[in-house]
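Me: Got a structure I'd like to go through with you. Can we talk side-chain contacts?

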Amino acid sequence: LVEKLGFEEFKKLYKGELEELKDTSYIALRKVDFGIGISELGIRSSELPVSSDEEFEVFKAYNISLQQQRGYFTVGIRLPLGDIQAEKLIKLAEIADEFETTEFRTSQDQNIYICNVKGNAVYPLYERLKELQLASPYISTVFDPVACQGASTCNLGLCDSKALAHDLIELLGTHPYPSKEGKDGLNPEFLNGFNIRINGCPNACGH
């Protein structure tokens, strides 16, 4: 386009489009740090409601992060291979009407994060996610591999990376998940910071 129009004309059109977007669109570029897990910070009942729900405690340890804004949390939704049914996505969007201040973010690890969740809303939100079957724990761990599209849709793909990731998820699912105390023979700390990335060609789109 620059070669066709010349750089000055391109720059003029670009600036015009940018100004129009500023006038007609809401653009928010804010950093939300959801890399600090609850289990890493040792956050317990003083920060989040006490629950006798053991499944929630595991979910809390791996899928809930503390934001820099005190009293607010980020809740991660694990999407195997980055896929979600349209019906579930619509119902997930409706959650924003139930929990004020929340924002949805997508991530490079093919998951969805709900940001700005107040502490007293975390467990009710978890229950809603559980109803939608979107409350799987161990987000962005070895149990949640990331894969590029591979040969299934990519013209450069040399192998079926999504099929490999699917088989891995099934295989890893046969291993007993670790308890919080590591009683199942696998220390839960093993999961933190350990990921699987599958690429269908040397371009490494799966990072």
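Me: Where does Tyr 138 sit, buried or exposed?
Reply: Keep in mind that this is a predicted model. Tyr 138 is buried, at 2% relative accessible area.

Me: And which ring does Tyr 138 pair with in helix α4?
Reply: Tyr 62. The two rings are tilted, 4.9 Å centre to centre with 50° between the planes. Tyr 138 lies in the loop between α6 and β5, so the pair ties together parts 76 residues apart in sequence.

Me: What about Phe 143 and Tyr 138?
Reply: Also an aromatic pair, tilted, with centres 5.4 Å apart. Phe 143 is buried, at 3%.

Me: How many aromatic pairs in total?
Reply: The count is 7. Separately, Phe 56, Phe 59, Tyr 123 and Tyr 126 form one aromatic cluster.

Me: Switching to charges. How many salt bridges?
Reply: The count is 9. One of them joins Asp 144 and Arg 78, at 3.9 Å from N to O.

Me: Why does the Asp 144 and Arg 78 pair tie together distant parts of the sequence?
Reply: Asp 144 is in the loop between α6 and β5, Arg 78 in the loop between β2 and α5, so the linked parts are 66 residues apart. Asp 144 is buried at 2%. Arg 78 is buried too, at 8%.

Me: What does Asp 83 bridge to?
Reply: Lys 162, with the closest N and O atoms 3.6 Å apart. Lys 162 is in helix α7, 79 residues from Asp 83. Asp 83 is partly exposed at 45%, while Lys 162 counts as buried at 15%.

Me: Which residues share partners in a network?
Reply: Glu 98, Arg 128 and Glu 131 are joined into one.

Note on methods:
Residues are numbered from 1 along each chain as its sequence is written. This is a predicted model: local features need pLDDT of at least 70, side-chain atom pairs count only at pLDDT 80 or more; totals for chains, interfaces and linings use all residues. Side-chain values use heavy atoms; hydrogens and water are left out. Rings of Phe, Tyr and Trp (its six-membered ring) pair if their centres lie within 6.5 Å; planes under 30 degrees apart count as stacked, over 60 as edge-to-face and the rest as tilted. Helices (H or I, at least four residues) and strands (E, at least two) are DSSP runs, numbered from the N terminus. Buried means under 20% relative accessible area, exposed over 50%, partly exposed in between (1.4 Å probe, protein chains only). A salt bridge is a side-chain nitrogen of Lys or Arg within 4 Å of a carboxyl oxygen of Asp or Glu.
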